[in-house]
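Me: I'm new to this structure and would like a close look at one part of it. Could you pick a single helix and walk me through what surrounds it?

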Amino acid sequence: MTMLDASSLAAQLRQPHGDAALAVADSMNRSNGALNRAAIGLLAVSAGERILEIGPGNAAFAPALLQAADSQYLGIELSAAMVEAGNQRLSAAGLSDRATMRLGDAHALPVSDASMDAALAVNTLYFWPNLAPVLDELARVLRRGGRLCLAFGDAAFMRSLPFAADFQLHELDAVELALRVSGFRVSAWRSHRETASGNDGQTREKHFHLLLAQRR
């Protein structure tokens, strides 16, 4: 991928588009692989569960979410390019009968009330200026007792990234409070640290938080 300036990279990370979209998706998959796997492990999908993922890019990690028998997957993406690429990937993996990508916005999910058992959002909080509307939507679409896993960069770490200058950074305690206000009970927290290349190609010490919450 041709190296993008910080502003262009930030725009692509929010909504991959144009000629760079597929290369950006591949970069995100490499950069976020370990974090996605940690989040999927914490979410612990069971047989027959319906899973919602917010901002999954080209659905690279959907197969890992579908290991449980008869589980079903819906990915909601702002990027039309990612919806197309994701559905192609799911079809090629033989998962199109259990999984689909759909164009949509987390602030107004095209999903029925209480229709999901589990939800996942990895590195998407930065594009939610106000957490409440999105968390309220997630509470709406999850059944009682349904689980939500949020994975996001520690605010201090994120401030060190040039391309994150315009991201909305949320402190861990603020996210926990917002979850409680929206009707969730926080049940687990994990700190995820790794030394790896980021989306800008630079190797850094990376620090993320994973929160698991249950819909009350």
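Reply: Here is a walk around helix α5, starting with the whole chain and then moving in.

Keep in mind that this is a predicted model. The protein chain has seven helices and seven strands, and along the sequence they come in the pattern α-α-β-α-β-α-β-β-α-β-α-α-β-β. Its C-alpha trace spans about 45 × 40 × 30 Å along the principal axes. Is that chain compact, and why can we say so? For 216 residues, a compact globule would have a radius of gyration near 17 Å, and the chain's 16 Å agrees with that. Of the 216 residues, 54% count as buried. If you take contacts between residues at least 6 apart in sequence, 71% of them join residues at least 24 apart.

Now to the helix. α5 covers residues 131–141, and its buried residues are Leu131, Val134, Leu135, Glu137, Leu138, Ala139 and Val141. Some background helps with that list: an α-helix has 3.6 residues a turn, so residues three or four places apart point the same way. At the N-terminal end of α5 sits a cap, asparagine 130, with a side-chain oxygen 3.1 Å from the backbone nitrogen of alanine 132.

What do the buried residues of α5 pack against? Their partners are β1 (50–54), β4 (116–122), β5 (142–153), α7 (172–181), β6 (184–197) and β7 (203–215). For a single residue's view, take leucine 138: leaving aside residues up to four places away in sequence, leucine 138 touches Leu52, Ile54, Leu109, Ala119, Leu148 and Phe184.

Leucine 138 also shows up when you look at the largest nonpolar core. That core has 70 residues, and the ones touching the most other members are Leu52, Trp128, Leu138 and Leu150. The largest share of the core comes from α2, with seven residues. As a rule, nonpolar side chains in soluble globular proteins tend to be buried together.

Several of α5's partners belong to one sheet. Seven strands make up this open sheet, with mixed pairing, in the order β3-β2-β1-β4-β5-β7-β6. At the edges are β3 (99–103) and β6, each pairing on one side only. From one strand to the next, the twist averages 15 degrees.

Let's follow the pairings. β1 and β4 run parallel and are joined by four bridges, and isoleucine 54 stands opposite alanine 121 in β4. β4 and β5 run parallel too, joined by six bridges. Here alanine 119 stands opposite leucine 148 in β5, and both of those residues are among the ones leucine 138 touches. As for β4 itself, this strand is mostly covered, with seven of its seven residues buried. At the β6 end, the picture changes to an antiparallel pair: 13 bridges join β6 to β7, and alanine 196 stands opposite arginine 204 in β7.

Other helices meet the sheet as well. Helix α2 (residues 21–43) lies across β1, β4, β5, β6 and β7, and runs at about 25 degrees to β7. Helix α4 (residues 80–92) packs on the sheet by touching β2 (72–77) and β3, and its direction makes about 170 degrees with that of β3.

Last, have a look at a few loop residues. Serine 115 lies in the loop between β3 and β4. Is serine 115 buried or exposed? It is buried, because its relative accessible area is 16%, under the 20% cut-off. Leaving out residues up to four places away in sequence, serine 115 touches Arg50 and Val141, and Val141 is one of the buried residues of α5.

Alanine 114 is found in that loop between β3 and β4 too. Its phi is near 50 degrees, a positive value in a residue other than glycine. For context, most residues other than glycine have a negative phi. Alanine 114 counts as partly exposed, at 43% relative accessibility. Alanine 44, in the loop between α2 and β1, also has a positive phi, near 50 degrees. Alanine 44 is partly exposed, with a relative accessible area of 42%.

To come back to α5: the helix is capped by asparagine 130, its buried residues pack against β1, β4, β5, α7, β6 and β7, and its Leu138 is one of the core residues that touch the most other members.

Terms used. Residues are numbered from 1 along each chain as its sequence is written. This is a predicted model: local features need pLDDT of at least 70, side-chain atom pairs count only at pLDDT 80 or more; totals for chains, interfaces and linings use all residues. Side-chain values use heavy atoms; hydrogens and water are left out. Buried means under 20% relative accessible area, exposed over 50%, partly exposed in between (1.4 Å probe, protein chains only). Helices (H or I, at least four residues) and strands (E, at least two) are DSSP runs, numbered from the N terminus. Contact means heavy atoms within 4.5 Å. A polar contact is a pair of N or O atoms within 3.5 Å; within protein, one must be able to donate a hydrogen and the other to accept it, and residues adjacent in sequence count only if both atoms are side-chain atoms. Two strands pair if DSSP finds at least two bridges between them. Axes are lines fitted to C-alpha atoms, for helices over the stretch in contact, and angles run from 0 to 180 degrees between N-to-C directions. A nonpolar core is a set of buried Ala, Val, Leu, Ile, Met, Phe, Trp, Tyr and Cys residues joined through side-chain atoms within 4.5 Å. The radius of gyration is taken over C-alpha atoms; the globule rule is 2.2 Å times the number of residues to the power 0.38.
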